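Colleague: I would like to go through the side-chain contacts of this model. Please give the general idea each time, then the case here.

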Amino acid sequence: VVLVVGVGSASLYAYGQQYTGRILPGVRVGGVDLSGLTPEEATGAIADAYASVGAGVISLAGPAGEATIGYEEIGRRPDTAAMLAAALVAGRQGEPVADLIAAPRTALHGASVDAVVTYDQAALEAAVAAIAESIDRAPVDATLAVSEDGSYATTESVEGRTVDQAALLASLDEQLSELGAPGDIPGDIPFTTQTPDTETADVE
């Protein structure tokens, strides 16, 4: 019995050792099989499989017309670092004895890691700020000017508006963080309006 146990343990140990620094057999990220790959190989496989998440555009309708933000502009891409880290620990318990059993079990039953995407939040904030700058304006009062001969001239009031950047960023973050986000994310630019103190009707 001792001999059998010893041989079995040695076999399991040898099995585990050959995957030191590699992803265990049976580990998948989404639909990508990473069995036995080195970190470098796995990174390449993940990047290739999910390269399409970086192709797309956000189309926003607003009071000044349509504004667009390209996925490339905000660095939307597969989060290879996070997926690789999860794949490397999949099937591993962190304890030598437990790992002897967990590794072959993972090869037999498999282990799945969720695919995730990321983007440059600072770049998105900058893009939204630029859009807001083209839309935001202060309210302008209507004016009435009377000349010496009794004639008068008026200027019309202009309603002010301010983009709700926080609401827009929250909405876009929710959609961009979804792996299955469409290649074209449509949306409306949220904004508030401000009424001038003196409106056109007040001077007519």
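Modeller: We will take the salt bridge, the charge over a ring and the nonpolar cores in turn. This is a predicted model, where local features need pLDDT of at least 70, side-chain atom pairs count only at pLDDT 80 or more, and totals for chains, interfaces and linings use all residues. Residues are numbered from 1 along each chain as its sequence is written, and side-chain values use heavy atoms, with hydrogens and water left out.

Colleague: Which residue forms a salt bridge with Arg 22?

Modeller: A salt bridge is a side-chain nitrogen of Lys or Arg within 4 Å of a carboxyl oxygen of Asp or Glu. Here Glu 41 is the partner of Arg 22, with the closest N and O atoms 4.0 Å apart. The pair links distant parts of the chain, 19 residues apart: Glu 41 is in helix H2 (residues 39-49) and Arg 22 in the loop between helix H1 (2-17) and strand E1 (27-29). Helices (H or I, at least four residues) and strands (E, at least two) are DSSP runs, numbered from the N terminus.

Colleague: Which ring lies under the charged end of Arg 76?

Modeller: A charge sits over a ring if NZ of Lys or CZ of Arg is within 6 Å of the ring centre and within 35 degrees of the ring normal. For Arg 76 the ring is that of Tyr 71, 5.1 Å from its centre.

Colleague: Which element supplies the largest share of the largest nonpolar core?

Modeller: A nonpolar core is a set of buried (under 20% relative accessible area, 1.4 Å probe, protein chains only) Ala, Val, Leu, Ile, Met, Phe, Trp, Tyr and Cys residues joined through side-chain atoms within 4.5 Å. Ile 58, Leu 60, Ile 69, Leu 124, Leu 172 and Leu 176 touch the most other members of the 21 in the largest core. H5 gives the largest share, 7 residues. Another core, of 18 residues, lies apart and includes Ala 42 and Val 117.

Terms used
Buried < 20%, exposed > 50% of the residue type's maximum accessible area, 1.4 Å probe, protein only.
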